[in-house]
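Reader: I'd like a close look at the aromatic rings in this one. Take me through who sits with whom, and tell me how far to trust it.

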Amino acid sequence: MLDLMTFLDDYNWPTALSAEGAFAILLVFFGLFSWLERLFPHKKWPERLLRKSLMTNISLFAVNNTLMSILSVSALFLLAQQHAQQGLLHSIENPAYQFFVSLLALDLLLYVWHRLCHRFDALWLFHRVHHNDPYLNTSTAFRIHVLELLATNLLKAAYVVLLGVDQLMMLLNEIVVMLFTLFHHTNIAFAGEKLLSKALIVPFLHRAHHSTERHEHDSNYGAVFSIWDRVFGTLNERKPLAIGINGNSPQELINLLKLGFNLPTPTSKGQPIPAELEYMIAEAAYYRAEKRNFSPGYELLDWLEAKNDIFRQLHSDKPNQKPQAKYGLLVLG
């Protein structure tokens, strides 16, 4: 490994592995993983709905990832040039060890950031754009709100400066994280997957992270390594019953961008919620909070999920049914 790192440094590979090169690698592996999930799908999604998901995700990538993520590689590259000779990594002499430590540090940073995006309501409003794809596939990796992407890149910039990550390590780390992100969103299952999950995030682990149920999707936050979830007690090996987020949410590009800024509208005509229905929603939210021992930070999400569940059930009623007859069942359910 040491010889390989020395070889890469000697031949100035960071210059060759520009943002355009990273983008080309991304496209190649996106095509590869998409082909594999076509050949060996874990779950067969309806073709029409899968095409809609693909078009939405690729459109979102074209709008913000091309502008932000790819350009950020160039920005981080320039930042690494300026701070390559300083930072915590330079207490390590072996280039191979430097690279491994830098990758571990980046993955830990992404784990913590991902967990915060689930922990705080203001961050979840943007992160839920990624979670609302009900047809999990390779392209779901591209479904990221532009403001979440911006915040992630600012954290990466701080990481580059603090550790003194050089251009080569920065580019290699970006490529590794990028490929693993594509990989663990891929709709495949394979022999040895559970064994591999002892060290790495694989599709079946990340599939649980995209569950509609919060006690399941608040888990498996890792991007590359599963060790952080094991160490911090957030590992989940359950098979989710459903993928996405509860309630109706937009699947079109413009509305996805708006979703990060707006709370869900509970009624189609924008009419206020009746007082008694507000009370029932509050009761249902309290029931949800009680099930998770009232851990703080989820108050808004409890209310939103309770509201979505109640309205979804109300809208599924037959016209001649009286909603009042269902309230008790809704709260207890």
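**The aromatic rings, up close**

Author: Trust first: confidence in the chain bottoms out in helix α16 (residues 327-332), with a mean of 32, and peaks in helix α12 (residues 227-231), at 96. That score is pLDDT, the predictor's own confidence per residue, from 0 to 100. This is a predicted model, so local features need pLDDT of at least 70 and side-chain atom pairs count only at 80 or more, while totals for chains, interfaces and linings use all residues. Numbering runs from 1 along each chain as its sequence is written, and side-chain values use heavy atoms, with hydrogens and water left out.

The chain's mean pLDDT is 78, and 73% of the residues reach at least 70. Two stretches stay under 50: residues 263-270 and residues 317-333. Where pLDDT is low, don't read the predicted coordinates in detail.

As for the fold, the chain has 16 helices and zero strands (DSSP runs numbered from the N terminus: H or I of at least four residues, E of at least two). Of its 333 residues, 50% are buried, meaning under 20% relative accessible area (exposed is over 50%, partly exposed in between; 1.4 Å probe, protein chains only).

Now the rings. Searching the whole structure turns up seven aromatic pairs (Phe, Tyr or six-membered Trp rings with centres within 6.5 Å; planes under 30 degrees apart are stacked, over 60 edge-to-face, the rest tilted). Take Phe30 and Phe142: their ring centres are 5.2 Å apart and their planes sit at 45 degrees, so this pair is tilted. Phe30 belongs to helix α3 (residues 19-39), whereas Phe142 is in the loop between α6 (121-131) and α7 (146-163), so the pair ties together parts 112 residues apart in sequence. Both Phe30 and Phe142 are buried.

Phe180 and Phe183 make another pair, with centres 6.2 Å apart and planes at 90 degrees, so that one is edge-to-face. Phe180 and Phe183 share helix α8 (residues 167-185) and are three residues apart, about one turn of the helix. Phe183 is buried, at 13% relative accessible area. Phe180 and Phe183 also belong to one aromatic cluster together with Phe29, Phe33 and Phe190.

Some rings have a charge for company (NZ of Lys or CZ of Arg within 6 Å of the ring centre and within 35 degrees of the ring normal). Arg119 is over the face of Phe120, 5.3 Å from the ring centre. Lys194 does likewise with Phe204, at 5.5 Å.

Back to the helices around these rings. In α6, nine of the eleven residues are buried, among them Trp124, Phe126 and the histidines His127, His130 and His131. The largest nonpolar core holds 40 residues, and Val165, Leu182 and Val224 have the most contacts inside it. By core I mean buried Ala, Val, Leu, Ile, Met, Phe, Trp, Tyr and Cys joined through side-chain atoms within 4.5 Å. Elements giving two or more residues to this core are α3, α4 (47-83), α5 (95-119), α7, α8 and α10 (203-209). The biggest contributor is α8, with twelve residues. There's also a second, separate core of seven residues, including Trp45, Leu49, Leu136 and Ile243.

Technical notes. Contact means heavy atoms within 4.5 Å.
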